[in-house]
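Hi,

Here is the structure I promised to pass on. Have a look at it first, and my notes follow underneath.

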Amino acid sequence: MLDNSGDTMANGFDYTRLKRLITIYYVVQGFLLVLFAAIAFWLQSQAPQQVFINSLIRAVVAQIVLFYPVYRFAAHEAKREVSSCSTSLSKDTLLALRRKRVTGDIVKAAVFIFFLVFILRAPQVPGAQFSILFVFILMTLCYFQCYNFVARRQIKANP
């Protein structure tokens with residue numbers, strides 16, 4: 001049996017909402033890449049070359065350090081969303097998944113607020129605020145890419 005989106009309902013999964021979310025995440029990634037490039041070009045034209053290079057090096061090092069925790073969080077979120085696409089979930093399971101979703105949203109909001117405050121309160125070292133902003137943008141891109149990767153892999157595993 002087919003639903004309106006063309007996904008089969010016989011397998012017990014309806015990925016319509018998840019596929020839309022993945023598409024939205026691709027659009028947000030494009031926006032973040034443009035924002036990252038614009039900030040980098042602006043910083044390169046306004047700041048001394050060494051400040052720009054140091055900001056990028058700090059951001060890349062921080063991204064390397066943060067990659068695994070971000071990947072684990074995104075994978076956990078994606079697996080939860082894939083499991084919530086099942087058409088045969090009990091009310092208790094739906095409630096548990098909703099609680100996990102709210103907890104994940106609170107964690108994401110806390111990280112956003114942390115970076116916002118950290119950028120505004122950053123030390124007055126040349127390029128410090130840009131380094132923190134670069135880390136935030138790169139970490140957000142990493143989250144979206146990892147989420148989409150794991151979600152697509154889970155969708156293929158549960159056709």
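Before the notes, one cut-off: I call a residue buried when its relative accessible area is under 20%, exposed when that area is over 50%, and partly exposed in between. Lys108, with 27% relative accessibility, is therefore partly exposed. Please also keep in mind that this is a predicted model.

I mostly went after the charged pairs. Side chains of opposite charge can pair when their charged atoms come close. Searching the whole structure turned up six salt bridges, and here are three that involve helix α3.

Start with Glu77 and Lys108, whose side chains form a salt bridge with an N to O distance of 3.3 Å. This one ties together distant parts of the chain: Glu77 sits in helix α2 (residues 49-83) and Lys108 in helix α3 (residues 91-120), with their positions 31 residues apart. How accessible is Glu77, the partner on α2? Its relative accessible area is 2%, so Glu77 is buried.

Next up are Arg101 and Glu81, which meet in a salt bridge at 2.8 Å, N to O. Here too the pair links distant parts of the chain, with Arg101 in helix α3, Glu81 in helix α2, and the two 20 residues apart. Glu81 is buried at 3% relative accessibility, while Arg101 is partly exposed at 25%.

The third pair stays inside one helix. Asp105 makes a salt bridge with Lys108, and their closest N and O atoms are 3.4 Å apart. Because they are three residues apart in helix α3, Asp105 and Lys108 are separated by about one helical turn. Asp105 has a relative accessible area of 40%, so it counts as partly exposed.

What do the shared partners add up to? Salt bridges with partners in common join Arg17, Glu77, Arg80, Glu81, Arg101, Asp105 and Lys108 into one network. Lys108 is a handy place to begin tracing it, as a partner of Glu77 and also of Asp105.

A few words on α3 itself. The helix has 30 residues and runs 43 Å from its first C-alpha to its last, close to the 44 Å expected at 1.5 Å a residue. Which residues of α3 are buried? Leu97, Gly104, Phe115 and Ile119 are, and the buried residues of this helix pack against α2 and α4 (128-157). So α2 comes up twice: as a packing partner of α3, and as the helix that holds Glu77 and Glu81.

Cheers

Definitions and conventions:
Residues are numbered from 1 along each chain as its sequence is written. This is a predicted model: local features need pLDDT of at least 70, side-chain atom pairs count only at pLDDT 80 or more; totals for chains, interfaces and linings use all residues. Side-chain values use heavy atoms; hydrogens and water are left out. A salt bridge is a side-chain nitrogen of Lys or Arg within 4 Å of a carboxyl oxygen of Asp or Glu. Helices (H or I, at least four residues) and strands (E, at least two) are DSSP runs, numbered from the N terminus. Buried means under 20% relative accessible area, exposed over 50%, partly exposed in between (1.4 Å probe, protein chains only). The expected span of a helix is 1.5 Å times one less than its number of residues. Contact means heavy atoms within 4.5 Å.
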